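Visitor: I am new here and would like to know how the labels on a structure are earned. Could you show me around?

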Amino acid sequence: MTPAMSTVSLATLALADSRFPGGGHAHSGGLEEAVHRGTVSGSEQLAEFLHGRLHGAGAQAAVFAAAAAHAAARGVPPDHWSLLDAELDARTPAPAQRAASRAQGRGTLRAGRSALPSRALDELHATTGSPHHPVVVGVLLGAGADRSPADTAAAMAYLSISGPASAAVRLLGLDPFEANAAVTALRAETERIAAEAARTAGHRPGSLPATSSPALDLLAEQHQRHHREEGRLFAS
Amino acid sequence: MQAEHQHQGHGQHVHGQYGHRHPVDFDPTSAGPDPFAPAASGSRPVRIGIGGPVGSGKTALTAALCRTLGAELELAVVTNDIYTTEDADFLRQAGVLDPGRVEAVQTGACPHTAIRDDITANLDAVERLQQRYASLDLVLVESGGDNLTAVFSRGLADVQVFVVDVAGGDKVPRKGGPGVTTADLLVVNKVDLAERVGADMAVMLADAHRMRGELAVLAQSLTDDPAASAAADWVRRQVAEHRAAVGPSAE
Ligand SMILES: Nc1nc2c(ncn2[C@@H]2O[C@H](COP(=O)(O)OP(=O)(O)OP(=O)(O)O)[C@@H](O)[C@H]2O)c(=O)[nH]1
Ligand SMILES: [Mg+2]
């Protein structure tokens, strides 16, 4: 594995930035549904929600982002991307979660083809126009100069909680300082999850760790159902 | 995309060497809602953004344009409502175009972000429509009702219309903002209400021209002219100019 760089690359920062135009702003990661249920109504519950999301969906996404970065850096044959994609599908049982991941993956791919073009990205695009979000993030960062699976995993884990935190501010009018502090309170855990993900980055796709987060799966499915019935602001 | 997928070395078992096919649920494209390749840019329909404050008449104008132009142009609509499907439902129920030609976008409570800073969801919606109707001439993109600073990104809309409402007061054009000052067409709507709200149309239009220089301004009442004749003419010209610039859409 390539050693981690001592500084974080600009590409990593740009991808983790909420200003990255990949469609992430319209996804709440289940937070909107949790708000409608009354599960999250203030900053304290938001902190708990984010903790669960980081360790569930966030950890799973980090694992695949790191693996994709590792694969892009070592120059795998193009059929590797459909393997990674299929393995992440297998670890994402809820159709609504798959759809949310693919929608963000599609947007990130579109924006990434302008911002960080690479042959690996073209090969991924040729495999599917709507790849999973973590796989795209991994390819974008792994194919570039930075090539740090740990940083890629950290960016991915961060994205899994920054979106819901921003959604909470918009939906509940939370104090933005408190919502932001709920994110940064998870920095040590995020780093631990990223380091863990980097350790398995070189595994065969089929052997990558599987994390389940049934509560988030259920929230995602409920969100879709309620969107059909009464309308929801966020796409997930 | 195909429902059957031939693949190699997935998990424990290897199918590729036997070459057999079987239905799988893990197809990279099966769960994605829109595995469509973007259409070639040379042949794509012209995209016209319709923006403006809440309630100014964007949906009414969109419906009127569909009614007036539906028979002569292949058109489709993307809506960006705050509450997601209200405008789309209205258009579908108005019977001005068939339901498959309307796509609603969820904006995550930030309608201006969805048309300006991050146009991903809108581009996805446009691509879905292009995939469904291969020879579209025109896609109208209605923004969610927003403020005077909300404009469409040039990456989403080729040209844009900004709709303001006489009943919002005759001060609106001189307040300015990028919508009023830079949109390709400013529509001052609901002129039938001017008298009722004490709006001075002369002031409103003079201010609009002063703020906009050479850019087009149009006053209309959809109550008096449900066909939106003048706006429809403007749209026809945009479609013709786009065709002249990039060639006819792929038939
Ligand atoms: N009197 C009058 N009413 C109009 C005119 N145009 C639209 N309206 C009415 O104004 C109201 C709002 O129109 P919409 O088309 O829904 O406005 P909108 O800009 O799409 O609103 P949002 O999408 O909610 O921002 C409706 O009740 C329309 O019937 C007009 O020219 N005159
Ligand atoms: Mg409307």
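Visitor: Which protein atoms are the donors of the magnesium ion (ligand 2), and what makes them donors?

Guide: Welcome! This is a predicted model, where local features need pLDDT of at least 70, side-chain atom pairs count only at pLDDT 80 or more, and totals for chains, interfaces and linings use all residues. Residues are numbered from 1 along each chain as its sequence is written, chains are lettered from A and ligands numbered from 1 in the order in which they are written, and side-chain values use heavy atoms, with hydrogens and water left out. Now to the ion: its protein donors are OG1 of Thr59(B), two OD atoms of Asp87(B) and OE of Glu142(B), at 2.1 to 2.7 Å. A donor is an N, O or S atom within 2.8 Å of the metal (3.2 Å for Na, K and Ca), and since water is not among the atoms, sites may look incomplete. The computed distances therefore fit the definition. Along the chain, the donors are spaced as T-x27-D-x54-E.

Visitor: Why is the arrangement around the magnesium ion (ligand 2) called irregular?

Guide: Six donors count as octahedral if opposite ones are over 155 degrees apart and all others between 65 and 115; four count as square planar by those angles, or as tetrahedral if all angles lie between 85 and 135 degrees; anything else is irregular. Here the 6 donor atoms subtend angles of 51 to 173°, so the arrangement is irregular.

Visitor: What makes Asp87(B) and Glu142(B) a link between separate parts of the chain?

Guide: Asp87(B) is in helix 2 (residues 86-94) of chain B and Glu142(B) in strand 6 (residues 138-142) of chain B, so the pair ties together parts 55 residues apart in sequence. Helices (H or I, at least four residues) and strands (E, at least two) are DSSP runs, numbered from the N terminus.

Visitor: How do you know whether Asp87(B) and Glu142(B) are buried or exposed?

Guide: Buried means under 20% relative accessible area, exposed over 50%, and partly exposed in between (1.4 Å probe, protein chains only). Asp87(B) has 12%, so Asp87(B) is buried, and Glu142(B), at 2%, is buried too. In chain B, buried residues make up 53% of the 251 residues.

Visitor: What makes strand 5 of chain B an edge strand?

Guide: In chain B, 7 strands form an open sheet in the order 5-4-6-3-7-8-9, with parallel pairing. Strand 5 (102-104) and strand 9 (216-219) of chain B each pair on one side only, and these are the edge strands.

Visitor: How do you know that strand 4 and strand 5 of chain B pair?

Guide: Two strands pair if DSSP finds at least two bridges between them. Strand 4 (residues 75-79) of chain B is joined to strand 5 of chain B by 3 bridges, so the definition is met. In strand 5 of chain B, Glu103(B) is the bridge partner of Val78(B).

Visitor: Where is Ala76(B), and what does Ala76(B) touch?

Guide: Ala76(B) sits in strand 4 of chain B and counts as buried because its relative accessibility is 0%. Contact means heavy atoms within 4.5 Å. Leaving out residues up to four places away in sequence, Ala76(B) touches several residues, among them Leu97(B), Leu129(B) and Val139(B).

Visitor: How many disulfides does the structure hold?

Guide: There are 0 over all chains. To count, a pair of cysteine sulfur atoms must lie within 2.5 Å. As for individual cysteines, Cys66(B) is buried at 1% relative accessible area, and Cys110(B) is buried at 15%.
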